[in-house]
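Me: I should like to go through this structure by asking what lies behind each label. Please set out the reasoning each time.

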Amino acid sequence: MTTVIALRRSWDKHWTAWAMVVPVVLILAVLILYPLANGIWLTFTNQTEANQLAEICTKSITGGEVCRENPNAWSYVGFDNYVNILTGRIGEFWQWTGTTVIWTAAGVAFHYGLGLGLAVLIHREMRFRGLYRVLLVLPWAVPAFISAFAWKFLFNERLGLVNSVLDAFGFDSVAWFADRWSSLFVAVLTNIWLGVPFMMVALLGGLQSIPSDLYESAEIDGASPWQRFRHITLPGLRPVSSTVILLGTIWTFNMFPIIFLVTEGQPAGQTEILVTGAFRAAFEGIRNYSLASTYGVLILSILLVFSVFYRRVLRRQGEVW
Amino acid sequence: MAGRTKGKSIALHTTLILASLIAVGPILWVVLSSFKPGYAVQSTEITLIKDPTLANYRYVLFETRFPEWFLNSVIVASLTMLIGIFFSATTGYALSRFNFPGRRSLMMVFLVTQMFPVSILIVPIYSIMSTLGLINTLPSLVIAYLTIAVPFCAWMLKGYFDSIPTSLDEAASLDGCGPFRTFWRVILPLARPAIAVTGFYSFLTAWGEVAYASAFTQTDDKFTLAYGLQQFVPQFNAQWEYLTAAAVLVTIPAGIVFLFAQKHLVSGLTAGGTKG
């Protein structure tokens, strides 16, 4: 009885809030939490496109349907999928993970560094400020697959602008996608170009929230520009920075279209990152559902561990987040 | 920050002009190439403008199903934008104003959804969609894109609502507004910058997505632009001249939405980004 009353009271107090979030919660439950649970369950099976049916039904001559058990139906395989992936029997998990780490670290570092630099430059009063801002944010408005295509076009070995320019200056053209590192370089460059605007805009917003009298009093106290940057700007940006670095890391880690379309894994799959490698391993040929899910769970686990670790570091530095 | 020396000023503008060129350059090059005839696109000679022609555009617009795909994309992206704004605004408001049981876990779930790679979700979502009979329909795409866009947008809007003083809500409630009316009449209009960013983000998410589109649409009258364009990229001998024209046509609507939103981008993202 008391629980009923407590529930009632809770309902009376919170029903507006719940009413406002319930559609989103429902959609997420149906389309994310259920698929997640389903996906985790799949990792312990060997389900593929070919063996997913428990029964094979055939139409008989009389018009009825005859169903018999599928002799090659899927079954539980325990941790086989994980073992196969982690020992490298299927795919190149460790190489892909290494590439992913390089890809993510380089991407986020340059996104943040360049974004911060440009935000600081553009934050001050000057002529053409609005114009610069629009131009610098423009890459954000271009859909990722179009950017991927544009950069692939620029670095095309035969007709790309970059090689034409190299030619014109008397250098040899470079077969960009024939070497692992130059191929990865092009992909990282594309991704940097794509991601700087978001960082710049977010950090610009952060800069505007730092009270300007802090700078004035620091100037009166004789602080150098570098000291002001170091002791006012950076600490003032911490709340924004911690959020956008975490989001940026997650987004870059799972960034599918750039590698998939720009390098296509060339040469010989050496530039695959985890998400693209997993996609090719699981979906080319017969679609292997259980393998795809296993990769998904591994990727999710890496990101979860990272974000728990990240939050712990932040908290140790006194961040309440 | 007045009294900058001349040298510093030149350095500042040079840097920014250079950065702007890098930002705009690749787009500009594609635009220029789209007006060249095929042989000029395929040649190694560097020319900005060469025998300008609209032939590439004519081909893309009239010889392919481009207009149909374009319409599909407009429908999907607009619906995602409108529904996305509505859901993320109500959710963001509830997260910002009410301390209800489940609030913290919902915030956590929103963050975690950002970590899901498409590869883990695509198969189960596909089977849900086919159970609902939605495969090869546009609503299946709208629903899938909402799951990508809404968590981030609700998070961002929550931050923005946090920056609007609660005294406004209290005043409205004293005037006899219920919580929904307060939200709709008082808070939402004040949050216009953040709404603009939310809309921009949802629109772009839907406009450029390929993986779900390739899984959920099957006949070429249901393709979105992003997926339909893959047809121009055969394994060998890509038709670059058509691709450039198509790329320009695809980017224009996103650019228009961007122009509407860009004024608000900084202020809209400010509060949203700062207060996770």
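**Reasons behind the labels**

Reply: In this predicted model, 8 residues of domain 1 of chain A are in contact with 9 residues of domain 2 of chain A. Here, contact requires heavy atoms within 4.5 Å.

Me: What are the bounds of these two domains, and how far apart are their C-alpha centres?

Reply: The domain assignment gives residues 43-78 of chain A as domain 1 and residues 89-316 as domain 2. Their C-alpha centres lie 44 Å apart.

Me: Why is the pair of A:Trp140 and A:Phe198 called edge-to-face?

Reply: The structure holds 35 aromatic pairs over all chains. In the pair of A:Trp140 and A:Phe198, the ring centres are 5.6 Å apart, and pairing asks for centres within 6.5 Å. The planes stand at 80°, and the class edge-to-face begins over 60 degrees, so the pair is edge-to-face. This pair links distant parts of the chain: A:Trp140 belongs to helix H4 (residues 129-141) of chain A and A:Phe198 to helix H7 (residues 180-208) of chain A, 58 residues apart.

Me: How do you know whether A:Trp140 and A:Phe198 are buried or exposed?

Reply: The cut-off for buried is under 20% relative accessible area. A:Trp140 has 13%, so A:Trp140 is buried. A:Phe198 has 12%, and therefore A:Phe198 is buried as well.

Me: What makes the pair of A:Phe256 and A:Phe260 stacked?

Reply: The centres of A:Phe256 and A:Phe260 are 4.7 Å apart, with 25° between the planes. Planes under 30 degrees apart count as stacked, so the name applies to A:Phe256 and A:Phe260.

Me: Why does A:Phe260 count as partly exposed?

Reply: The relative accessibility of A:Phe260 is 22%. Buried would need under 20% and exposed over 50%, so A:Phe260 falls in between and is partly exposed.

Me: Which residues form a cluster through ring pairs?

Reply: The cluster links A:Trp140, A:Phe198, A:Trp251, B:Phe152, B:Phe200, B:Tyr201 and B:Phe258. Its members thus come from chain A and chain B.

Me: How do you know that A:Lys152 lies over the face of a ring?

Reply: A:Lys152 lies over the face of A:Phe177, at 5.0 Å from the ring centre. The distance limit is 6 Å, so A:Lys152 meets that part of the test. A:Arg180 is placed over the face of A:Trp181, at 4.7 Å from the ring centre, and the limit of 6 Å is therefore met there too.

Me: Why is A:Asn84 called buried?

Reply: A:Asn84 has 17% relative accessibility; the cut-off is under 20%, so A:Asn84 counts as buried. A:Asn84 is found in helix H2 (residues 80-86) of chain A. Leaving aside neighbours within four places in sequence, A:Asn84 is in contact with A:Arg89 and A:Ile90.

Me: What makes A:Val137 buried, and which residues are in contact with A:Val137?

Reply: A relative accessible area of 4% is under 20%, so A:Val137 is buried. A:Val137 has its place in helix H4 of chain A. Apart from neighbours within four places in sequence, A:Val137 is in contact with A:Pro197, A:Met200, A:Val201, B:Phe258 and B:Leu265.

Me: Which residues touch the most other members of the largest nonpolar core?

Reply: They are B:Phe161, B:Tyr212 and B:Phe216, in a core of 175 residues. Not counting residues up to four places away in sequence, B:Phe161 touches B:Ala89, B:Gly92, B:Tyr93, B:Ser96, B:Arg97, B:Phe183, B:Ile187, B:Leu188 and B:Ala191.

Me: How many helices and strands are there in chain B, and what percentage of its residues count as buried?

Reply: Chain B has 13 helices and 0 strands. Of its 276 residues, 56% count as buried. Residues 24 or more positions apart account for 74% of the contacts in chain B with a separation of 6 or more.

Me: Where does UniProt place the feature "transmembrane region" in chain B?

Reply: The unreviewed UniProt entry lists residues 12-32, 69-95, 107-129, 141-161 and 242-261 of chain B. In the model, residues 69-95 of chain B are 100% helix and 0% strand, with end C-alpha atoms 37 Å apart. Residues 242-261 of chain B are also 100% helix and 0% strand, and their end C-alpha atoms are 29 Å apart.

Terms used:
Residues are numbered from 1 along each chain as its sequence is written. Chains are lettered from A and ligands numbered from 1 in the order in which they are written. This is a predicted model: local features need pLDDT of at least 70, side-chain atom pairs count only at pLDDT 80 or more; totals for chains, interfaces and linings use all residues. Side-chain values use heavy atoms; hydrogens and water are left out. A nonpolar core is a set of buried Ala, Val, Leu, Ile, Met, Phe, Trp, Tyr and Cys residues joined through side-chain atoms within 4.5 Å. Buried means under 20% relative accessible area, exposed over 50%, partly exposed in between (1.4 Å probe, protein chains only). Rings of Phe, Tyr and Trp (its six-membered ring) pair if their centres lie within 6.5 Å; planes under 30 degrees apart count as stacked, over 60 as edge-to-face and the rest as tilted. Helices (H or I, at least four residues) and strands (E, at least two) are DSSP runs, numbered from the N terminus. A charge sits over a ring if NZ of Lys or CZ of Arg is within 6 Å of the ring centre and within 35 degrees of the ring normal. UniProt positions are given in the numbering used here, feature names are shortened, and annotations may be inferred rather than shown by experiment. Domain bounds come from an automatic or database domain assignment.
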